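Me: I have a structure open that I have never looked at before, and I'd like to walk through it slowly. Could you help me find my way around?

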Amino acid sequence: MAYKIFIDGKEGTTGLQIYQRFEGRKDLELLLLDDENRKDINARREMINASDITFLCLPDAAAKEAVSLVENDHVRIIDASTAHRTTPGWAYGFPELSKGHREAVISSKRVANPGCYASGFLSIVYPLVAMGIMQKDYPVVCHAVSGYSGGGKKMIAKYEAGEKPKGYDSPRQYGLTMSHKHLPEMQKVPGLEYPPIFNPLVDDFYCGMEVTVPLYTRLLPKKVTPVELHKRLSDYYAGQRFVKVLPFMGEGVIDDGFIAASTLAGTNDMEIFVGGNEEQILLVSRLDNLGKGASGAAVQNMNLMLGLDEGTGL
């Protein structure tokens, strides 16, 4: 039996990536709308209710509208927008965070796919809070850099234009109002009392991402060394297929002491690095913003929801 899958918003960056990841899969039947009907609400309603799983790759308002179109109880939704990531009753689709997160994805009819920056951030901060290494009122700071594909079609077009502003050749910092759209989930999912200070940058490469969280050991409830923290995180993610803690300080893995942001492009993998010294610890999560940060995570969640091997097609 082939499961019926509909991608509402297939023409967007994430939707197209999900569609491409289904190539060659015989266990799925893709429900498709022609171009003239892809925004027709009645045509979309029909496809959503005919599906086993619908992916929402839409702006927030359109994603909420799409959920309101569900009439058949068997329909399960994976929302790639920010609309439902902190909504009660929706599973947060990062199964590696805890056994509870994995079980919620498997059993839920409504799964919110995490944001790309949030995925890297939570891969570090969630286990620290869960293990009692970081207190919930710790003054968390996060720095991150992403490839320009994270900005969607308009940003991709600007970066790939024949002529572009000179500033596009260098990293560009944004989010200057400290109100980035991923902040609500970055605070709520690990249970932080205050939103982190978040410093995102976009650079002139297509896809890939690094998310960095520095720690002062003197501010933690109990002082911990980088080696001890590396061991705790390694144990926390032991056995996970897509999330790996790499050797301490990246020894034997990184090139000349540099961690390149684009290394995992095209994969659903995530790698965590631990470095630093007795007073300051540096934690880095590397992923593909279009993979584990978007379409790859969505496909992984779908596989779990359907009772399939989570790595199918990935």
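Reply: What follows is a conversation about this predicted model, taken topic by topic.

Me: Let's begin with the sheet, then. Which strands form the open sheet, and in what order?

Reply: The open sheet has 7 strands, and going across it the order is β8-β9-β7-β10-β13-β12-β11, with mixed pairing. The edge strands are β8, residues 172-173, and β11, residues 243-245, each of which pairs on one side only.

Me: What does β11 pair with, and which way do the two run?

Reply: Strand β11 is joined by 3 bridges to β12, which covers residues 270-276, and the two run parallel. To place this on the sequence, you can look at Val-243, whose bridge partner in β12 is Met-270.

Me: And β13, is that one buried or exposed?

Reply: Of the 8 residues of β13, 6 are buried, so this strand is largely enclosed by the rest of the structure. With β10 it shares 8 bridges in an antiparallel arrangement, and one pair to look for there is Pro-214 of β10 with Leu-282 of β13. With β12 it is again antiparallel, this time over 7 bridges, where Val-274 has Leu-283 as its bridge partner in β13.

Me: How many residues does the hairpin between β12 and β13 go through?

Reply: The hairpin that connects β12 to β13 goes through 3 residues.

Me: Which helix lies across that part of the sheet?

Reply: That is helix α8, residues 226-236, which lies across β10, β11, β12 and β13, and runs at about 160° to β12.

Me: Changing topic: how many salt bridges are there in the whole structure?

Reply: A search of the whole structure gives 14 salt bridges. One of them is between the side chains of Arg-44 and Asp-8, with an N to O distance of 3.0 Å. Arg-44 belongs to helix α2, residues 41-50, and Asp-8 to strand β1, residues 3-8, so this pair ties together parts that lie 36 residues apart in sequence.

Me: Are Arg-44 and Asp-8 buried or exposed?

Reply: Both Arg-44 and Asp-8 are buried. They also belong to a network of salt bridges that links Asp-8, Arg-44 and Glu-65.

Me: What about Lys-164, which residue does that one form a salt bridge with?

Reply: Lys-164 forms a salt bridge with Asp-204, and their closest N and O atoms are 3.0 Å apart. Lys-164 sits in the loop between α6 and β8, while Asp-204 sits in the loop between β9 and β10, so the pair ties together parts that are 40 residues apart in sequence. Lys-164 is partly exposed, with a relative accessible area of 27%, and Asp-204 is partly exposed as well, at 31%.

Me: OK, on to the surface. Which residues make the nonpolar patch?

Reply: Leu-16, Tyr-19 and Leu-32 make a nonpolar surface patch of about 240 Å². Tyr-19 is placed in helix α1, residues 13-21, and counts as partly exposed at 30% relative accessibility.

Me: Now the inside: what does Ser-123 touch?

Reply: Ser-123 lies in helix α5, residues 116-130, and is buried, with a relative accessible area of 0%. Leaving out residues up to four places away in sequence, Ser-123 touches Phe-94, Leu-97, Tyr-237, Met-270, Ile-272 and Ser-285. Met-270 came up earlier as the bridge partner of Val-243 in β12.

Me: And Asn-303, where is that found?

Reply: Asn-303 is in helix α9, residues 291-305, and it is buried, with a relative accessible area of 0%. Apart from neighbours within four places in sequence, its contacts include Arg-25, Leu-308, Gly-311 and Leu-314.

Me: Last one: what is the phi of Met-178?

Reply: Phi of Met-178 is near 60°, which is a positive value in a residue other than glycine. For background, most residues other than glycine have a negative phi. Met-178 is found in the loop between β8 and α7, and is partly exposed, with a relative accessible area of 43%.

Definitions and conventions
Residues numbered from 1 in each chain as written. Predicted model: local features only at pLDDT ≥ 70, side-chain atom pairs only at ≥ 80, totals over all residues. Heavy atoms only, no water. Patch = residues over 30% accessible without salt bridge, like charges linked within 9 Å, V, L, I, M, F, W, Y side chains within 5 Å. Areas by Shrake-Rupley, 256 points an atom, 1.4 Å probe, with all protein chains shown as cover. Salt bridge = Lys/Arg side-chain N within 4 Å of Asp/Glu carboxyl O. Helix = DSSP H or I, 4+ residues; strand = E, 2+ residues; numbered from the N terminus. Buried < 20%, exposed > 50% of the residue type's maximum accessible area, 1.4 Å probe, protein only. Pairing = 2+ DSSP bridges. Contact = heavy atoms within 4.5 Å. Axes fitted to C-alpha atoms, helices over the stretch in contact; angles between N-to-C directions.
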